[in-house]
Amino acid sequence: LLFWFVNKTLMGKQMRAVSSDKSAASLMGINIDIVISTAFIVGAALAGAGGILYGTTYGMLAAPYLGIWPGMKAFIAAVLGGIGNIPGAVLGAYIMGISEAFATSVDSNLGFGIAFAILIVILLVRPSGLLGKFIPEKV
């Protein structure tokens with residue numbers, strides 16, 4: 001649904017325009033404040049839904065650091081797939097989930113370490129991620 005929203009709706013097109021060049025999008029008549037607010041609302045709604053699903057599944061609501069591990073694993077999945085690439089993040093999440101399931105079947109503590117091992121390997125081999133594109137910065 002997020003991929004469809006970003007690629008097929010008018011607000012998604014405006015979000016992509018603002019992320020590309022904020023001043024050019026403003027010159028094209030896009031209200032930047034509404035677009036940025038919508039992006040934050042969508043992000044907060046998805047984070048809230050994920051937090052509710054995680055909290056009801058694992059039920060450790062008394063822990064002060066409830067979101068540390070899911071946040072780290074989501075970041076690693078995004079880096080694995082390519083930052084800014086929604087299908088890449090989904091692919092990275094599937095790869096992370098499958099590899100952690102296999103690693104946990106070998107040793108229960110190995111599942112946590114495999115995420116960081118995957119992060120180190122992907123940063124050494126392909127820093128832009130599996131589906132990411134290398135874009136050189138112009139100085």
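Start by selecting the charged side chains: in this predicted model, the chain has 8 positive and 5 negative charges, and the mean positions of the two sets lie 12 Å apart. Colour the two sets separately and you can look for that offset yourself.

Next, show the molecular surface. About 9900 Å² of the chain is accessible, and carbon and sulfur atoms hold 71% of that area. If you then colour by burial, 21% of the 139 residues will come up as buried.

Now switch to the cartoon. You will find seven helices and zero strands, so to speak an α-α-α-α-α-α-α run when read from the N terminus. Turn the chain along its principal axes, and the C-alpha atoms fit a box of roughly 55 × 35 × 25 Å. To see how the chain meets itself, draw the contacts with a separation of 6 or more: 44% of them join residues 24 or more positions apart.

The last stop is the largest pocket, with a volume of about 1200 Å³. Select Pro70, Ala74, Ala77, Ala89 and Ala93; of the 33 lining residues, these are the closest to the pocket centre. Then widen the selection to the elements that each give two or more residues to the lining:

- helix 1 (2-8)
- helix 2 (10-20)
- helix 4 (32-58)
- helix 5 (68-81)
- helix 6 (86-106)

Which helix gives the most to this lining? Highlight helix 4 to finish the tour: helix 4 is the top contributor, with nine residues.

How values were computed: Residues are numbered from 1 along each chain as its sequence is written. This is a predicted model: local features need pLDDT of at least 70, side-chain atom pairs count only at pLDDT 80 or more; totals for chains, interfaces and linings use all residues. Side-chain values use heavy atoms; hydrogens and water are left out. Helices (H or I, at least four residues) and strands (E, at least two) are DSSP runs, numbered from the N terminus. Buried means under 20% relative accessible area, exposed over 50%, partly exposed in between (1.4 Å probe, protein chains only). Contact means heavy atoms within 4.5 Å. Accessible areas come from the Shrake-Rupley method with a 1.4 Å probe; for residues, only the protein chains shown count as cover. Lys and Arg count as positive and Asp and Glu as negative; His and the chain ends are not counted. The place of a charge is taken as NZ of Lys, CZ of Arg, CG of Asp or CD of Glu. On a 1 Å grid over the protein atoms alone, a cavity is a set of points where a 1.4 Å probe fits but cannot get out, and a pocket is an open set with protein on both sides within 12 Å along at least five of seven lines; lining residues have an atom within 4 Å of a point. Grid points are joined across faces, edges and corners, and a volume is the space filled by probe spheres set on the points.
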